[in-house]
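Hi everyone, thanks for making time this morning. I have one structure to walk you through, so let's put it on the screen.

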Amino acid sequence: MDKVVAKSGFARGNSLWRYTFIRLRRNYLAMIGLAVILVLILAAVFAERIAPYGYATQDYAMIRKPPSARHLLGTDEFGRDVLSRLIYGSRVSLQVGFIAVSIALAAGGTIGAVAGYFGGAVDNLLMRIMDVQLAIPTILLAIVISSVLGPGLFNLMIAVGITAIPRFARLMRASVLSVKNTEFIEAARAMGASHTRVILLYIMPNCMAPLIVQATINVANAILFAATLSFLGLGVQPPYPEWGGMLSAARPYLRGNAYLSVFPGLAIMITIVALNCVGDGLRDALDPKQKR
Amino acid sequence: MDAAPVSAPLLDIRDLFVRFRTDAGVVHAVNGLNLSLRRGKSLGFVGETGAGKTTAALAALQLIQSPPGEMTGEIFFEGQDVMKMTEPEKRALRGGKIAMIFQDPMSSLNPIMTVEEQIMEMVSLHSAGAGARERAREMLTLVGIRPERGKDYPHQLSGGMRQRVGIAIALACEPSLLIADEPTTALDVTIQAQVIDLIKKLQSEVRTSLLLITHDLGVVAEICDEVAIMYAGRLVEAADLRKLYKKPLHPYTQGLFDAVPRLDADPDEKLAVISGLTPDPTDLPKGCSFSPRCPNVRDLCRERSCGMREHEPGHFVDCHFPMQDRNAANRGDGQ
Amino acid sequence: MRGMRGKARLLKYIVRRILLLIPVILCVTAVLFTILYFTPGDPAHIALGQEATREAIAAFRAEHGLDDPFVVQLGRYIYRAVVHADLGYSYIMKSPVSYELSTRIPTTMKLAFWAVAFSTLVGIPLGVVCAMRQYSLLDSLTTLVTLLGVSMPTFWTGLLLILAFSVHLEWLPSMGFSTPSEMVLPVVTLSGSTIAIIARITRSSMLEVIRTDYVRTARAKGQKERVVILRHALPNAMIPILTIISMQFGLLLGGSLITEAIFSISGVGRLMIEAINMRDYPIIQGGVLFISVAFCLVNLAVDILYAFVDPRIHVK
């Protein structure tokens, strides 16, 4: 029994997380990724103080000027500072990334937990609904939803969030099924705990590990999706900057002003790489048997 | 272990070391193993899990993956050092001369090939010409499986049947040495006896030598001529079966015997257990590696190990204070 | 005898999988119809423009059955789609949706096919070689490149490729998809992240499989390392790789939207982007439906391929 407990990583106190963190700290790639994300969060929070110019401040004397001392990453077609716009843009990306995934995690986690816990017809119905959703390629679904909802930050989050629900639901269901019949759940039930209580206090905490790994990787996905939707004109509306939208606006100037297409893409890539490194690191740290 | 003057040994392992470099440090799996096996004989290779028995067997087949594994020492098979063989020579050796039955029949067969194909693969690698399928069917019959079942996939067979398939694969090319790595550990008790009987029967039919890796002294008594006891990567005692069972010299061997439940024992008496755990192979104790668990440990043991010596003719032990002497001494004290 | 029974089982499995697909596709159709039905905006207004008279709009609505109850309209849509392959009418393009789609499907199929072929043919061998030479320079380099690969948005990859190969080097055209030289950049753009993902999953799956007991058994038989890898390890490692390829196909179809937009390729993707900008819902609906069905069929094909690779799935 001891072995089983250790293997599935049932949380006993904080030791699981402490060990995870110790292992994670040894993974320098993951630590770099974490540092990059922290920097991005700080940039997003303190954008007004850090950014040298406002995101909409136009300077008609400085239209599409390449990087210089005054404008480190150059200026765009309205004479706006690219660096400042990238800094403000991190707000959109991070918000969409984290909030969309929170939506998916909450909705998908609940669906998966209910399906796995109750089983039978409930399970069947919920999972068939998820199957139907999975039949539509995610990015297309996001496009349809955001074209229906219309542009805007909030709608973007909803559209991106919905697409990730089935993945969390399936993962949660699988975890619940693996935990459901263990003795401590039966013990809780025997003590008269309600279904909600058992799910929330006993099952959920013990299924968190795979969900957190998936969530980290999904934040990266969500940011990519948001950028893609903005690139198609379905995301945040100008003049507010969004990295995908900036790339879309830069397209006509690819020949003359390539830097306009390079920096926003670089910002997206660095963010995604950082999140992927943290996600991979977390997975290895939480599941040491995989990496031997 | 040069105690076989009559005929040159079939397998002669000399001073074998195997290490693995891992994140957790260097694992010293085999530490100066000396072992020899004469043609036609069967040797029981006994020790706890993690003693390095399987690693030593894989080294004989040159199947230690490098990296992370590293090997030093000599392994003579039919007079040739397998460590110095070329890759084609090693391949001819594996399966053709030395074949192995693995511990877990659930995982040691390829799940997406029929069992017949898996036996045929062995046959076609080591014997020229057609007839691989016939040979495969013949082998299945020999191990007591209806040849029609050759078209089945491993998951359609029971554990016992899968292990029979493993035996069929191993013996298909009539190897001169069969290594059986805990062939019954993963099986139900009722099946264990059948598989052991099968190995015993086929060993005499095919006239192959047998190296039986096990932790089960009962099984060893049933089919082996000689016994070697391994602890923490090296032998602690070796002798022929009768000698060793009659008079175990090493306290570890004694411990193994004490841990076997006996029908004639007093039912109220507790089963003796060797206290402590097998040593961490990344951090072996100084001196005799059994010293931390030894009931009769003395200062000398923690200082240095004794080294293998012939305590009685044909009975080797690596202990400063073998059991018999101590028993005598204790008896002397007591009376 | 056994072989025959095995084949019968396999056939039964395939038929069952196809039958299971039908309700899923019908549900997808219903869901898409529902979403777009309740979207604000009157199709009659969109079709006739803001200046249309009330009478004209009423006539239009009557003609196209827009005043019927929701369920009737949904039923009609599904009936026509299934029986007549009729996906409705684009009031903006003044043309049937099926016709508009059918003229563009071949191009998109060609793009998707080459992208899948290219990413599989590059990704799998790359992953296998990395697993064989774990921790080598090649392995570390590939790990790094694939990490960047999965992190680059398709549209940015496309822009960078155009920048390098069309603008600076002037080797390859940046528009169109008819000649082989026109096909290179779009296919590479679309394959980029898929190659990276396939290489990564192949590597980790191979690393897992080459440590299994049955691969050791194959080596203990005296089999050549190359044969051990190709005959024992890779087929077993293919099972998770196939899953990823079929899942990737969905992303790839989505990515074709972007790729077609960037390289001005007139396929289904570009048609849909135009439809999104014009709020041409019948086209959006038809396009998503087509791509979803294609996605389901590919998943089905992969599931069937699975059953051929892995007897545990259909033989019980």
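Let's begin with contacts: in chain B, 66% of the contacts with a separation of 6 or more are between residues 24 or more positions apart. Please keep in mind that this is a predicted model.

On overall dimensions, the C-alpha trace of chain B spans about 70 × 50 × 45 Å along its principal axes. How does the radius of gyration of chain B compare with that of a compact globule? For 335 residues, a compact globule would come out near 20 Å, and chain B has 21 Å, which agrees. As for burial, 46% of those 335 residues count as buried. The secondary structure of chain B comprises eleven helices and twelve strands.

Now, the part of chain B I'd like to spend time on is a sheet. Four strands make up this open sheet, in the order β2-β1-β4-β5, with antiparallel pairing. Why do β2 (25–37) and β5 of chain B each have one side without a neighbour in the sheet? Both stand at the edges with a single partner strand, so one side of each is left free of a sheet neighbour.

Moving inward, strand β1, residues 11–22 of chain B, runs antiparallel to β4, residues 69–77 of chain B, and eight bridges join the two. If you want to find the register on screen, Leu11(B) sits opposite Phe77(B) in β4(B), and Asp12(B) is opposite Phe76(B).

Phe76(B) also takes us to the next strand, since its bridge partner in β5(B) is Asp81(B). Strand β5 of chain B covers residues 80–81 and pairs with β4(B) over two bridges, again in the antiparallel sense. What links these strands? They form a hairpin with two residues between them, and in that turn Glu78(B) has a positive phi of about 50°.

One helix belongs in this picture too. Helix α1 of chain B, residues 53–60, lies across β1, β2 and β4 of chain B, and runs at about 110° to β1(B).

Finally, let's turn to the neighbouring chain. Between chains C and B, 22 residues of chain C are in contact with 25 residues of chain B. On the side of chain C that touches chain B, α1 (2–37), α9 (213–220), α10 (225–262) and α13 (311–314) of chain C each supply at least two residues. Which of them gives the most? That is α9(C), with seven residues. By class, this side of chain C has seven nonpolar, seven polar and eight charged residues.

That's my tour, and I'm happy to rotate the view for anyone who'd like another look.

Definitions and conventions
Residues are numbered from 1 along each chain as its sequence is written. Chains are lettered from A and ligands numbered from 1 in the order in which they are written. This is a predicted model: local features need pLDDT of at least 70, side-chain atom pairs count only at pLDDT 80 or more; totals for chains, interfaces and linings use all residues. The radius of gyration is taken over C-alpha atoms; the globule rule is 2.2 Å times the number of residues to the power 0.38. A residue is buried if 20 or more other C-beta atoms lie within 10 Å of its own, exposed if 12 or fewer, and partly exposed in between; C-beta atoms are placed from the backbone. Two residues are in contact if their C-beta atoms, placed from the backbone, lie within 7 Å. Two strands pair if DSSP finds at least two bridges between them. Ala, Val, Leu, Ile, Met, Phe, Trp, Tyr, Cys and Pro count as nonpolar, Asp, Glu, Lys and Arg as charged, and the others, Gly among them, as polar. Axes are lines fitted to C-alpha atoms, for helices over the stretch in contact, and angles run from 0 to 180 degrees between N-to-C directions.
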